[in-house]
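Colleague: Could you take me through the loops of this model, with a close look at the backbone there? I would like to see how those spots sit within the whole chain.

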Amino acid sequence: MQRKKMPVSKIKFAPYNPRIMGKRVLEKLKRSIETFKCYGPLIVNSRTWHVVGGNQRLRALMELGYEEVEVVIV
């Protein structure tokens with residue numbers, strides 16, 4: 001495992017992600033990230049660059065305009 005910052009443009013949403021977050025919950029997540037300036041690192045597959053953990057955080061971070069995010073590559 002490797003932890004580093006990575007450009008959002010390189011990361012892909014997992015097409016097999018079963019979790020769907022409604023708009024209201026997404027707005028709360030975005031507000032939390034803005035308020036506390038904190039989020040857990042996204043877990044990313046090193047071969048496919050698909051998010052293994054954190055698809056909704058990625059969506060929120062992208063909507064907030066983040067260009068680079070903290071990831072753990074597995």
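Modeller: Let me start with burial, since it sets the scene: of the 74 residues in the protein chain of this predicted model, buried ones account for 35%. The accessible surface amounts to about 5,000 Å², and carbon and sulfur atoms contribute 54% of that area.

Now for the layout that the loops have to connect. The chain holds four strands and two helices, and from start to end of the sequence their order is β-α-β-β-α-β. With a radius of gyration of 12 Å, close to the 11 Å from the globule rule for 74 residues, the chain is as compact as a globular protein of that length. Its C-alpha trace covers about 35 × 25 × 20 Å along the principal axes. Take the contacts between residues at least 6 apart in sequence: 84% of them link residues at least 24 apart.

With that in place, here is the backbone detail you asked for. K37 is not a glycine, yet its phi is positive, at about 50 degrees. You will find K37 in the loop that runs from α1 (23-36) to β2. Is K37 buried or exposed? The cut-off for exposed is over 50% relative accessible area, and K37 has 63%, so it counts as exposed.

Further along, W49 sits in the loop between β2 and β3. W49 is another residue other than glycine with a positive phi, here near 65 degrees. Its relative accessible area is 21%. Buried would need a value under 20%, so W49 is classed as partly exposed.

How far can you trust the model around these loops? The mean pLDDT of the protein chain is 94, and 100% of the residues reach at least 70. Strand β2 (residues 42-44) has the highest mean among the elements, 97, while strand β3 (residues 51-53) has the lowest, 94. Those two strands are the ones that flank the loop holding W49, and β2 also follows the loop holding K37.

One last item may be handy if you plan to look at electrostatics. The side chains of the protein chain include 15 positive and 6 negative ones, and a distance of 7 Å separates the centres of the two sets.

To pull the loops together: K37 combines a positive phi with an exposed position, whereas W49 pairs its positive phi with a partly exposed one.

Conventions. Residues are numbered from 1 along each chain as its sequence is written. This is a predicted model: local features need pLDDT of at least 70, side-chain atom pairs count only at pLDDT 80 or more; totals for chains, interfaces and linings use all residues. Side-chain values use heavy atoms; hydrogens and water are left out. The radius of gyration is taken over C-alpha atoms; the globule rule is 2.2 Å times the number of residues to the power 0.38. Buried means under 20% relative accessible area, exposed over 50%, partly exposed in between (1.4 Å probe, protein chains only). Contact means heavy atoms within 4.5 Å. Accessible areas come from the Shrake-Rupley method with a 1.4 Å probe; for residues, only the protein chains shown count as cover. Lys and Arg count as positive and Asp and Glu as negative; His and the chain ends are not counted. The place of a charge is taken as NZ of Lys, CZ of Arg, CG of Asp or CD of Glu. pLDDT is the predictor's confidence in each residue, from 0 to 100.
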